[in-house]
Amino acid sequence: MSDAPTLAAKVLLLEHDPRHYQTLWDFAQSLGLVVLPRSATDALPTLSQHKDLGGVMLAEDLPCESGGALDLAVAIHRLRPELPIFLRRTGDTPLAEAQARAASHPWTELDTLREAVECSLFSLRYPTELVNGVVELTAGAIRSMFPHAQVDNEPPYVVHDRIIFGQVSTLIALESTWCRGYMMLQTEESALRQGMLQGFGYEGVGGDLNFRELNHLLGETTNLIWGAFKNRYIPPEAFANEQTQVPIVINHEQKYISFGSQDPQLCVRYKLSDPRRPGLPPLIIVQRLIFNLLWSPERFTEYASPGDKPGGTGELELF
């Protein structure tokens, strides 16, 4: 199997100089980065709108209404400390401690920026066969649970953010000889309820769906995905011997979850719509795969190579 291509990542671009803006835009395109250009005024509001960012590119001399760009870097770091900030230096004054902690990736040359982006955003490589397979089996499971929904997905990407999308989340462990971690599904409760009552194959249920029924529905979807994942990608000798664990930290008020690792996470957004009801708002389901305990893509490559795959029944295993 050839080396996996670099996945996309969303980056907030805070750059005012036209020449540098074009250079950074071209640089981002060469790496497959999804660029969100913003002004200093829009920077913090954009953080609240986008919960799946990979990093921030910031010019040290960016005009700000109050304070300066370094103060903005500190403010961004305070709100989202997981996001790497790539600071284009325009001065030679040493950064203060708080500034250096926030803008942890200063640069003046593109080679330095490229190295920093590669190390922080793309430190984990995901085999193409695995990424495509996860999307395929996930979409199939969603279609099984939402029979009238049209299921589309955005291109997979990596995130550094640890902010939870929506109010309903599921979490299931992924255990194999080549990976150990978790898979999450996240969605908005109101959109899920509206979709279930007005379309997606559950019309006529009557009344209102309570949160327990919605939780059960997303949980069953998660089970289907895990069963398909296990049948396709987990070898018979299944589990690693070293069962190391790390605490999972959840802050419900801040909608924050941490798995004890700073590695980027694989993320896919699925959009469910009903062709029969074009006016019905789409339902967004966000999937994240977090390989925080074990990640050996070369062992996956060996397992997934032709001739080495164990014969399977093709049946999904539910738990």
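This passage describes the overall make-up of a predicted protein model, its internal spaces, one of its helices and four individual residues.

The secondary structure of the predicted protein comes to nine helices and 13 strands. Half of the chain lies away from the surface, in that 50% of the 319 residues count as buried. Among contacts between residues with a separation of 6 or more, 75% join residues that stand 24 or more positions apart. The accessible surface amounts to about 15200 Å², and carbon and sulfur atoms account for 51% of that area.

Enclosed spaces were considered next. Rolling a probe the size of a water molecule over the atoms shows where empty space is left. In this model, two cavities of 30 Å³ or more are found, and the largest of them has a volume of about 70 Å³. The residues that line the largest cavity are Leu124, Tyr126, Arg162, Phe259, Ser261, Asp263, Pro264, Gln265, Leu289, Ile290, Phe291 and Asn292. Strand 13, which covers residues 283-295, gives the largest share of this lining, with four residues. When the lining of the largest cavity is sorted by class, seven residues are nonpolar, three are polar and two are charged.

Open spaces are represented here by the second largest pocket, which holds about 210 Å³ of space. The lining of this pocket consists of Ile164, Gly166, Gln167, Val168, Ser169, Leu171, Met184, Ile250, Asn251, His252, Lys255 and Ile257. At least two lining residues are supplied by each of strand 8 (168-175) and strand 10 (249-251), and the largest share, three residues, comes from strand 8. By class, the lining of the second largest pocket divides into six nonpolar residues, five polar residues and one charged residue.

Among the helices, helix 6 was examined in more detail. Helix 6 spans residues 128-145, 18 residues in total, and the distance from its first C-alpha to its last is 26 Å, close to the 26 Å expected at 1.5 Å a residue. An α-helix has 3.6 residues a turn, so residues three or four places apart point the same way. The buried residues of helix 6 are Leu130, Val131, Gly133, Val134, Val135, Leu137, Thr138, Ala139, Ala141, Ile142 and Met145. The cover over these buried residues includes strand 6 (150-153), helix 8 (211-233), strand 12 (265-273), strand 13 and helix 9 (297-304). Strand 13 thus appears both in the cover of helix 6 and in the lining of the largest cavity.

Two individual residues of strand 13 were also followed. Arginine 288 is placed in strand 13 and counts as buried because its relative accessibility is 3%, which falls under the 20% limit. The C-alpha of arginine 288 is separated by 6.6 Å from that of valine 268, a residue 20 positions away along the chain. Isoleucine 284 is likewise found in strand 13, and its C-alpha stands 9.2 Å from that of glycine 166, although the two residues are 118 apart in sequence. Once neighbours within four places in sequence are left aside, isoleucine 284 is in contact with Phe165, Gln186, Thr187, Arg269, Tyr270 and Lys271.

Isoleucine 163 belongs to the loop between strand 7 (157-159) and strand 8. With a relative accessibility of 11%, isoleucine 163 counts as buried. Isoleucine 163 and lysine 51 are 112 residues apart in sequence, yet their C-alpha atoms are 5.6 Å apart in space. Beyond its neighbours within four places in sequence, isoleucine 163 is in contact with Lys51, Arg80, Gln186, Gln254, Lys255, Tyr256 and Arg288. Of these partners, Lys51 is the residue whose C-alpha distance is given above, Arg288 is the buried arginine of strand 13, and Lys255 also lines the second largest pocket.

Alanine 116 lies in helix 5, which runs over residues 110-121. Alanine 116 counts as buried because its relative accessibility is 14%, a value under the 20% limit. Between the C-alpha atoms of alanine 116 and isoleucine 85, which are 31 residues apart along the chain, the separation is 10.0 Å. With neighbours within four places in sequence left aside, the contacts of alanine 116 are with Phe86 and His105.

Conventions:
Residues numbered from 1 in each chain as written. Predicted model: local features only at pLDDT ≥ 70, side-chain atom pairs only at ≥ 80, totals over all residues. Heavy atoms only, no water. 1 Å grid on protein atoms, 1.4 Å probe; cavity = no way out; pocket = protein on both sides within 12 Å on 5 of 7 lines; lining within 4 Å. Points joined across faces, edges and corners; volume = space filled by probe spheres on them. Nonpolar A, V, L, I, M, F, W, Y, C, P; charged D, E, K, R; others polar. Buried < 20%, exposed > 50% of the residue type's maximum accessible area, 1.4 Å probe, protein only. Contact = heavy atoms within 4.5 Å. Areas by Shrake-Rupley, 256 points an atom, 1.4 Å probe, with all protein chains shown as cover. Expected span 1.5 Å × (residues − 1).
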